[in-house]
Amino acid sequence: TALRPTPTAPLTASPSPMTEGRTGSNAAGTEHLTPRWLRRSSAWAWQLGLLLLLLIATYWMVTHFLVVTLPLMIVAVLSTLTMPPRDALVRRGMKPSLAATTVVLGSIILLVLGAVALAPSFANQLGDPGPKMADGYEWVLDRVGEGPIGYDRAELTDFGKSLGDSLSSGNTGVVNGVVKGASTAFEFLAGLALLVVVLFFVTKDAEDLMSWGEERLPASYRPTAAALAARAWTALSGYVRGTATIALIDALGIGLALLILGVPLVIPLTLLVFLGGFLPVIGASIAGLIAVLVALADGGVVTALLVLGAVVAVQQLEGHILQPVIMRRAVSLHPIVILVALATGSAMLGIVGAFLSVPAAAVLSAVGNELRLRSEAGLLSDDTRGDAPSDPLGGPGVAEAGLAALPAADHEPADGDPESDPD
């Protein structure tokens with residue numbers, strides 16, 4: 001019998017791993033001419049470029065319209081202090097307009113009366129810190145020059161002078177920011193008037209303003225916007241009130257130590273410590289160093305060492321007890337993040353920017369955390385965004401473990417979703 005050839009399947013070349021990695025999957029009938037890493041890098045590049053342009057535009061608007069933007073930012077911080085007493089008065093039956101008038105006007109009257117009461121003693125001692133600090137600075141230079149290190153006194157003096165000149169003449173220095181921020185009396189008065197008026201209306205109509213803002217958004221975005229606003233407000237209010245409490249405790253502790261040791265300038269130094277408490281990590285330490293220099297010039301080495309010990313003890317109390325207990329309701333920021341925020345804020349808006357930068361970083365951290373939680377729960381897609389809860393998923397009093405109790409979301413990528421790309 002004749003042998004018939006057995007039919008065989010047509011030979012097809014299977015793609016090698018190297019070829020498959022270059023061209024990607026062809027299951028959908030498409031062939032990518034660029035590698036996967038280049039496509040993803042390009043997508044990230046243009047998105048980050050748009051974000052950078054948005055940040056540049058925001059910075060330009062903030063700095064060029066400072067007489068408007070600066071009062072608004074200060075109002076956002078001050079409103080965290082005026083809203084609790086206003087809410088307490090409203091709960092007792094007072095109308096919101098009358099409650100807001102009482103809180104805002106009462107706060108202004110208390111500030112004016114406090115300034116008038118402290119002005120005489122403050123003015124009498126205000127001229128002394130400069131000479132006292134200069135005497136302490138001279139003593140330190142003498143000890144360093146005579147000590148085992150043996151630095152040249154003239155070199156140290158020239159270095160201090162050059163450092164002071166660069167601080168006062170730098171384009172982004174703190175002193176230059178203060179001068180630029182208060183360039184004219186008209187701008188200052190206009191900004192102050194805007195601050196008071198806006199603070200009154202924010203305190204009076206906070207709920208109406210929130211409702212008005214939500215109505216401007218599409219219905220599907222309102223739950224997410226409400227949750228983000230709640231997280232931002234909780235972080236800002238908790239941070240401001242916690243920082244003010246810690247600054248007050250620091251000022252009282254160091255001021256009491258100065259009073260017991262008989263160091264002069266107790267009131268100015270106590271006020272300086274309180275204001276320095278709003279510059280985390282470095283503010284209270286710098287104010288304490290100034291108090292040590294004054295004590296060194298007035299009472300000698302022993303008094304200065306005792307003041308230094310009091311400052312260190314207060315700082316340890318703040319770092320190990322006050323910060324964990326009081327700031328647990330606020331956003332916890334790493335010291336590196338705080339230092340970068342302080343440097344950025346002072347470079348942009350001077351000393352005012354240094355005070356406002358850390359609260360802004362706390363708000364951004366809280367909002368970013370809320371977006372992360374909602375993304376992990378699958379609540380940011382077009383199908384689930386409208387049914388998402390309007391209450392925050394994270395923050396004080398909310399356990400992130402509670403996310404497991406949320407309804408399971410459909411995580412299958414929709415058509416056109418970048419995650420549906422097998423590459």
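What follows is a conversation about a predicted model, with each label set against its cut-off.

Visitor: What makes up the secondary structure of the chain?
Guide: The chain has 14 helices and zero strands. Read along the sequence, the pattern is α-α-α-α-α-α-α-α-α-α-α-α-α-α.

Visitor: How much of the chain counts as buried?
Guide: Buried residues are 28% of the 423 residues. The cut-off for buried is under 20% relative accessible area.

Visitor: Why is Ala226 called buried?
Guide: Its relative accessible area is 16%. Buried means under 20%. Ala226 is therefore buried. The residue sits in helix α10. Its C-alpha atom is 5.6 Å from that of Ser390, and the two residues are 164 residues apart along the chain.

Visitor: Why does Ala257 get the label buried?
Guide: Ala257 has a relative accessible area of 16%. The limit is under 20%, so Ala257 counts as buried. Ala257 also lies in helix α10. From Ala257 to Leu308 the C-alpha distance is 10.0 Å, with their positions 51 residues apart in sequence.

Visitor: Let us turn to salt bridges. How many are there?
Guide: The count is seven. The rule asks for a side-chain nitrogen of Lys or Arg within 4 Å of a carboxyl oxygen of Asp or Glu.

Visitor: How do you know that Glu207 and Arg86 meet in a salt bridge?
Guide: The N to O distance is 3.1 Å. The cut-off is within 4 Å. The pair Glu207 and Arg86 is a salt bridge. Glu207 lies in helix α9 and Arg86 in helix α3, so the bridge ties together parts 121 residues apart in sequence.

Visitor: Are Glu207 and Arg86 buried or partly exposed?
Guide: Glu207 has 43% relative accessibility. Partly exposed runs between the 20% and 50% limits, so Glu207 is partly exposed. Arg86 has a relative accessible area of 4%. With the limit at under 20%, Arg86 is buried.

Visitor: What makes Arg374 and Glu370 a salt bridge?
Guide: Their side chains come to 2.9 Å, N to O. The rule allows anything within 4 Å. The pair Arg374 and Glu370 qualifies. Both residues lie in helix α14, four residues apart, about one turn of the helix.

Visitor: Why are Arg374 and Glu370 called buried?
Guide: Arg374 has a relative accessible area of 0%. Glu370 is at 0% too. Buried is under 20%, so Arg374 is buried and Glu370 is buried.

Visitor: How do you know that Arg372 and Glu376 meet in a salt bridge?
Guide: Their N to O distance is 3.1 Å. The limit is within 4 Å, so Arg372 and Glu376 form a salt bridge. These two are four residues apart in helix α14, or about one helical turn. Arg372 has a relative accessible area of 34%. That value falls between 20% and 50%, so Arg372 is partly exposed.

Visitor: Which residues do salt bridges with shared partners join into one network?
Guide: Arg86, Asp87 and Glu207 are joined this way.

Visitor: Now the surface. Which residues form the nonpolar patch?
Guide: Trp60, Met61, Phe65, Val67, Val68 and Leu72 do. Together they have about 550 Å² of accessible area. Helices α2 and α3 each supply at least two residues of the patch. The largest share, three residues, comes from α3.

Visitor: What makes Val67 fit for the patch?
Guide: Val67 has a relative accessible area of 35%. Patch residues need over 30%. Val67 passes and belongs to the patch. Val67 is found in helix α3. Its 35% also makes it partly exposed.

Visitor: On to pockets. How is the second largest pocket lined?
Guide: The lining has 37 residues. Met73, Ala76, Leu236, Ala360 and Val363 lie nearest the centre. The volume is about 1400 Å³.

Visitor: Which helices supply the lining of the second largest pocket?
Guide: α2, α3, α9, α10 and α14 each give at least two residues. The largest share, 16 residues, comes from α14.

Visitor: What classes of residue make up that lining?
Guide: The lining has 30 nonpolar, six polar and one charged residues.

Notes
Residues are numbered from 1 along each chain as its sequence is written. This is a predicted model: local features need pLDDT of at least 70, side-chain atom pairs count only at pLDDT 80 or more; totals for chains, interfaces and linings use all residues. Side-chain values use heavy atoms; hydrogens and water are left out. On a 1 Å grid over the protein atoms alone, a cavity is a set of points where a 1.4 Å probe fits but cannot get out, and a pocket is an open set with protein on both sides within 12 Å along at least five of seven lines; lining residues have an atom within 4 Å of a point. Grid points are joined across faces, edges and corners, and a volume is the space filled by probe spheres set on the points. Ala, Val, Leu, Ile, Met, Phe, Trp, Tyr, Cys and Pro count as nonpolar, Asp, Glu, Lys and Arg as charged, and the others, Gly among them, as polar. Patches are made of residues with over 30% relative accessible area and no salt bridge: like charges are joined within 9 Å, nonpolar side chains (Val, Leu, Ile, Met, Phe, Trp, Tyr) within 5 Å. Accessible areas come from the Shrake-Rupley method with a 1.4 Å probe; for residues, only the protein chains shown count as cover. Buried means under 20% relative accessible area, exposed over 50%, partly exposed in between (1.4 Å probe, protein chains only).
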